[in-house]
Amino acid sequence: MSDLLTSLTGLPADVATPAYDRDAAGVGILHLGLGAFHRAHQAVYTDDALAAEGGDWRITGANLRSRDLPEAMNAQNGLYTVLERSDHDRARIIGAHGPAIGGDPAAILRVATDPGIRILSLTVSEKAYGIDRAAMDIDDSHPAIAADLAAAETPKGVVGIITRALAARRAAGAAAFTVLSCDNLPDNGALLRAGVLGFARRTDPDLASWIEAEIAFPATMVDRITPATTDATLADIERLTGRRDLAGVETEPFRQWVIEDHFPQGRPAWDAGGAEFVRDVGPHEAMKLRMLNGSHSLIAYSGQLLGLPLVRDTVADRDLSRLSRRHMAAAAATLPRNAGLDPAAYADALMDRFANPGIAHQTRQIAMDGTEKLPQRWFAPAAELLRDGRDTGPFAFATAIWLAWLAKLADLGDRPDDPRADALIERVRSADGDHGALIRAVLSLPGLAPAELQHATEFTDAVARHLDRIRAEGPRAAMTQEAQQ
Ligand code: CS2
């Protein structure tokens, strides 16, 4: 068995390694959420920035709960491999990480109070925030928010930890850090700012005023398709590098990062790795969330219904490839004009990326957490089209596919992987096969779909017609007919 990846010596010549002195670069970023996406995205840009311009910008990565990955990273001296997959694989070792923290909120807070930390960034997934977008305030019913409100000095959730860390920085008279959300949420900076301010107002109103005046929360659009690491990922890494790597990730060659340029405490030269700094992330983010993530969700539920486990199988399927294209075009119709976007070229590039033969992206993985993802991917754009009197047909079809998938799970005695799985299954069961009742019951879950969409009969009737057809003729026939429209 090969040695563990603990140093950079003796690696094969075609494996890229950090082109800078790791020990000379101090830590400047505390990152919450040491998942595969961060390791394949922000850490790679940071590695490029360190190679191009140096600076004390290495990363302390932290997982709020799980210890396994931080322990693996620590056993490897912070090193790990990014395997870029296409028709051939390429390995690159990333050196941007310093010691990592797992499942120890007190240790996270200690690092966050270190004045050397000038950026606190996050990839914690949509469901970890606990922020009510309609109210632009914390959601008291979110488990982490409720627990942290009751014990604000020993927080365990994202918003509580950020607020507490900022309180400590303020008390120490130290300059604060910039807070950088890198999750797939619209206006992620403003949303997180609203949550942190809401939490601070409840626990320490003076602190809230200080945060309001002092702390930057830039918005970002992040993109890189990164399937969960599997045994095959690790075996291929070992084959290419000659080392065992328990923290390796696989990803596609493409990556994109668009960032609002608002970093009062400085930032790494992420542009050296291709990041774009802009004044307004909004149009880029809308295009990505609605076209990429929106069609991804359609593909995920359709794939699950048809028994297609991988995204690349779904785009090789004639019906689904047409339906994905059609969905992208409908999403593109909601994007701002004159914002320098090229949605047609973007759609072509997405279809190629989804078809990447080296990437085994599970439709089941993307199907997770629908109630957290679909509001921004489908329901907000559909409501906008409705408001403008435009066609919502592709969104009605996508909604029917999701509901049909939920109904199928309920029939099988199974449940979705979703923070609101209980409520979803209960609502599906209580509708008892009545499609109108099913649509009303699920779409009325708080925060899921705008009221105008729930009450638009042109939309809900279309969803019901699709559900009737799926039940009568099966999902394949319904998709074939719809793809021919
Ligand atoms: C996917 C995203 O799992 C999902 O919901 O749509 O993780 C997607 O792969 C990334 O946003 C791509 O940047």
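Lys-288 puts a polar side-chain atom 2.6 Å from an oxygen atom of the ligand. The model is predicted. In it, the ligand sits in the largest pocket. Two domains help to surround the ligand: domain 1 (22-278) and domain 2 (282-483) each give at least three residues to its shell.

**Polar contacts**
- Lys-288 has a polar side-chain atom at 2.6 Å from a ligand oxygen.
- Asn-184 also offers a polar side-chain atom, at 2.9 Å from an oxygen atom of the ligand.
- For Asn-293, an N or O atom of the side chain is 3.0 Å from an oxygen atom of the ligand.

**Burial**
- The ligand exposes 350 Å² when taken alone.
- The protein buries 88% of that area.

**Who surrounds the ligand**
- The shell includes Asn-184, Asp-223 and Arg-224.
- Lys-288, Asn-293 and His-296 are also among the residues around the ligand.
- His-361, Ile-366, Lys-373 and Arg-377 belong to the shell too.
- By type, five shell residues are charged, four are polar and one is nonpolar.

**Where the shell comes from**
- Helix H10 spans 282-306 and helix H15 spans 370-387.
- Each of these two helices supplies at least two shell residues.
- H10 gives the largest share, with three residues.
- Domain 1 (22-278) contributes at least three residues of the shell, and so does domain 2 (282-483).

Methods:
Residues are numbered from 1 along each chain as its sequence is written. This is a predicted model: local features need pLDDT of at least 70, side-chain atom pairs count only at pLDDT 80 or more; totals for chains, interfaces and linings use all residues. Side-chain values use heavy atoms; hydrogens and water are left out. A residue is near a molecule or strand if one of its heavy atoms lies within 4 Å of it. A polar contact is a pair of N or O atoms within 3.5 Å; within protein, one must be able to donate a hydrogen and the other to accept it, and residues adjacent in sequence count only if both atoms are side-chain atoms. Accessible areas come from the Shrake-Rupley method with a 1.4 Å probe; for residues, only the protein chains shown count as cover. On a 1 Å grid over the protein atoms alone, a cavity is a set of points where a 1.4 Å probe fits but cannot get out, and a pocket is an open set with protein on both sides within 12 Å along at least five of seven lines; lining residues have an atom within 4 Å of a point. A molecule sits in a cavity or pocket if more than half of its atoms lie within 2 Å of its grid points. Helices (H or I, at least four residues) and strands (E, at least two) are DSSP runs, numbered from the N terminus. Ala, Val, Leu, Ile, Met, Phe, Trp, Tyr, Cys and Pro count as nonpolar, Asp, Glu, Lys and Arg as charged, and the others, Gly among them, as polar. Domain bounds come from an automatic or database domain assignment.
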